[in-house]
Amino acid sequence: MKKTNCGRQLAAALLCVLLALSVLAPAAYGAESEETLIVGVPTDRCPVFYHDAETGEIVGIGADLMRAAAKKAGYAVSFRQISETTLKEALDNETYDLVMPFGSAIASATGHASVVSDNLIQTPFTLVTEGKRSLPPLSNIRVGMLSSQSGVAETVRQRYPGIVINTYETMPECVSALRAGKVDALLHNSYVWSYVLQKPAYSDLMVQPADMFSMDFRVGTLDTPEGRALIERLNRGISGLSDTEQQAITLDYTSRRLYRYDFADYVHEYGLIVLLSVSLFGILTVLSVQKRRAIRRAHEEKLRQVMEIDPLTGALSMKGFQKRAQELLRAHPDIPYLITYNNIKNFKFINDSLGRKAGDELLHFWAGKVMEKLSPEEAMCRIVADRFAVLRRIVGDEKIHRDESEIIDPVRNYFVDHGKENRVQICSGIYVLTPEDYQKADVDRMLDFARLAEKRVRETKKDGYAFYNPEQWKRGKQVADVCSHLPKAIQSGALRVWYQPQIDYVSGKITGAEALCRWNHSKLGWLQPAEFIPILEDAGLIFDLDCFVWDQVCQDLQRWQKEGEHRNVSVNLSRCDVREDRNIPGHFHDLIKTYGLSPDQLRIEITESAFAENPELLIRTTVKLRELGFQVEMDDFGSGYSSLHMLKEVPVDCIKLDLHFLSGTGDPERGRIIVSYMVQMVHALGMKLIAEGVETVAQAEFLKSRGCTELQGFCFYKPMAAQEFESVMKKARE
Ligand code: C2E
Ligand code: MG
Ligand code: MG
């Protein structure tokens, strides 16, 4: 029993050992057979090594062969794309157990010897040329290869001494080098060529079958005891790889159409079709966008018409008129405008006696008559019922009379001309726009003024018109005369530049001159600057006049220069020229270049009021002008709001003291004291001082006694025409 028990215990123990073995043994075997080798490979060699488009895994002939051989040696394999540019470098990377493919054992990048496996497969290598070219012998040829194939390159060099191998990063670079004649042929694995040459752009490349050779395809690692052991074990697997297996793997990949067209390939292959399709698509898209835009525009136009056009007369509605008037005022600040408010006094009576239809016809006729006469810069609207507003350009009294006879009279006589007795009575109020109106463009406000004038007519007269602001009308006419004549005056020579000499009172010599503008107006006669400069400034036209004056002065300076006289002239710069930021320094710089002058010949007078208007911009302009070599003078100092702060801030070369302030109201003695200290102060600040407006010898003597000797004024010379100035200068020299 004991014996039996003992036997049973033994059998149970044996069973446990067997069971444990049966569990442990496969585990121990598996630990060896499933050891995973990390193999670094290049992946730019479809179909030898490449990334599968669907799984992202590294696959290919090389990968499958290696996997099959490794399996036979009891290894699993995990492929990694080498991050190094060459296999030599990859050999030194310890993260890979193995690197492939090698033709033979080569040294690593750091010079370590390597050990390679037996040949996995004999790989054919082929030369590819551009077209059918005859090639020099392999020992004397320039070949292009991918730089990642440095291992192969080294083997080829060993095999064919004398061969020149240039390596390139990518296949397109290889092909460019071939096309540029930098190499005679490209060398690569035939399997890879079978893939690469499917690219349509490479259809001109030809395989050179006569120059084929084959290379071994081996796995390598650094020559270490572990490396050698690994290779030895792997070789056992390689030797177990049958020819049939090798061929099956090769055939599997070479028979598949692995090349995938990219956009460039499609363009190359189906260029014309792609181009036509893209163009057609583009045209259709553009057409459809245009059509949609046209529909939208038509829709908007319809809406606009509903909102902005009066359906009865075809004139603008009040809303449309406001919009149009604002646009016009902003676009044409230089056009003098008036706005009229017109009303039919006896319209109710007309409607009652002749019927509404007759009333409507009259309104339609009136609107039509006005619109016939309007230029594109003018506008009219029906405000409501029998009231019309017109924005009209001011030309002069004649135009008002013409409008009276050509528009108002036919409307007045509309029914009389149709054989009825009713004479239409029209009352109009006229408001002449002021410069402020152009900025505000408040149409309602202007119409209110015109309506007040109309009301006066309605209450005091039978019909007719009245101005809300008759003084403004006078000015409006003058503005029209000045602004509309300016371009012609510039061209015809009606605008002239006169010169007023400046003298050194001690020596009596002429030191310079100021250019002053004069206008011989065809309608208004000789005009002084005070009569046209403020108008041109308000209308935004002063820059045109100034440019003309500066140009004329430069022409004169150039002429005098040619006659051997190097003169200097002060020119005036309007505060508006500065305010509008018209790159004044650049303009003057170009001018002196054009006329071959030096900057000291032009002195730029900027009126004191401009300094007060926009100090920052003015300081910038002044600094730039002085940098370019021009002298800057502060004009009219003492006539406006001269401030000590301004003298401190603005870097000018000269102050032009306006003597009007001596002769004006106030205590003359106080004026003299101020002048005395001003002279001292300006000199102490290192600036020049010119006194202008000197009318008497007493004034000149006083200024001299205080140290101010540069003078300009009627006491010496009045402004004169250029010719007269020239003869004065000649006389002064004699
Ligand atoms: P301004 O630049 O201060 O020019 C001096 C003005 O004083 C000139 O008037 C000149 O004729 C006048 N004047 C000179 N000496 C005397 C004198 O002893 N007594 C009196 N009562 N007046 C004297 P003008 O030519 O009528 O010019 C007036 C202003 O018009 C100029 O003042 C200047 O600001 C402006 N101006 C003249 N021509 C131009 C020009 O081409 N462009 C610009 N933007 N402004 C100009
Ligand atoms: Mg001046
Ligand atoms: Mg002045």
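In which loop is D581 found? It's the one between α21 (575-579) and α22 (584-595). We'll come back to that residue once we have the overall picture. Keep in mind from the start that this is a predicted model.

Let's begin with the whole protein. It has 29 helices and 27 strands. Along the principal axes, its C-alpha trace spans about 150 × 90 × 80 Å. The radius of gyration is 50 Å, whereas a compact globule of 734 residues would have one near 27 Å. Of those 734 residues, 47% count as buried. If you look at contacts with a sequence separation of 6 or more, 69% of them come from residues 24 or more positions apart.

On the surface side, the protein exposes about 37200 Å², and carbon and sulfur atoms supply 55% of that. As for charge, there are 88 positive and 98 negative ones, and their mean positions lie 4 Å apart.

Now for some local detail, walking along the chain. An early stop is the peptide bond from C46 to P47, which is cis with omega near 10 degrees. P47 sits in the loop between β1 (35-41) and β2 (50-51). Another cis peptide bond joins M100 and P101, this time with omega at about 5 degrees. P101 belongs to a strand, β5, which covers residues 98-102.

Next up is Q246, in helix α8 (residues 243-254). Is Q246 buried or exposed? Its relative accessibility is 16%, and buried means under 20%, so Q246 counts as buried. The Q246 side chain reaches the backbone oxygen of L120 at 2.4 Å, a distance worth a second look if you plan to inspect the geometry yourself. Setting aside neighbours within four places in sequence, Q246 is in contact with L65, L120, I121 and L241. L120 thus turns up both in that contact list and as the owner of the backbone oxygen that the side chain reaches.

Further along is A385, which has a positive phi of about 45 degrees although it is not a glycine. You'll find A385 in the loop between β14 (379-384) and β15 (387-393). With a relative accessible area of 36%, A385 is partly exposed.

R412 comes after that, in helix α14, which runs over residues 397-412. R412 carries the number at which that helix range ends. What is the relative accessible area of R412? It is 7%, so R412 is buried. Which side chain does R412 join in a polar contact of 2.9 Å? The partner is the side chain of D463. Leaving out neighbours within four places in sequence, the contacts of R412 are E404, N422, R423, V424, I426, D463 and G464. So D463 is both a polar partner of the R412 side chain and a member of that contact list, because contact here means heavy atoms within 4.5 Å.

L452 is another helix residue, found in α17 (residues 443-460). Here the relative accessibility is 46%, and L452 counts as partly exposed. L452 and Y431 are 21 residues apart in sequence, with their C-alpha atoms 9.3 Å apart in space.

That brings us back to D581 in its loop between α21 and α22. Phi of D581 is near 50 degrees, a positive value in a residue other than glycine. The relative accessible area of D581 is 49%; exposed means over 50%, so D581 counts as partly exposed.

The last stop is C715, in the loop between β26 (710-712) and β27 (720-721). C715 is partly exposed, with a relative accessible area of 24%. How far apart are C715 and E695 in sequence and in space? They are 20 residues apart in sequence and 4.4 Å apart in space, C-alpha to C-alpha. Without the neighbours within four places in sequence, C715 is in contact with V694, E695, T696 and V697.

Key. Residues are numbered from 1 along each chain as its sequence is written. Chains are lettered from A and ligands numbered from 1 in the order in which they are written. This is a predicted model: local features need pLDDT of at least 70, side-chain atom pairs count only at pLDDT 80 or more; totals for chains, interfaces and linings use all residues. Side-chain values use heavy atoms; hydrogens and water are left out. Helices (H or I, at least four residues) and strands (E, at least two) are DSSP runs, numbered from the N terminus. Buried means under 20% relative accessible area, exposed over 50%, partly exposed in between (1.4 Å probe, protein chains only). A polar contact is a pair of N or O atoms within 3.5 Å; within protein, one must be able to donate a hydrogen and the other to accept it, and residues adjacent in sequence count only if both atoms are side-chain atoms. The radius of gyration is taken over C-alpha atoms; the globule rule is 2.2 Å times the number of residues to the power 0.38. Accessible areas come from the Shrake-Rupley method with a 1.4 Å probe; for residues, only the protein chains shown count as cover. Lys and Arg count as positive and Asp and Glu as negative; His and the chain ends are not counted. The place of a charge is taken as NZ of Lys, CZ of Arg, CG of Asp or CD of Glu.
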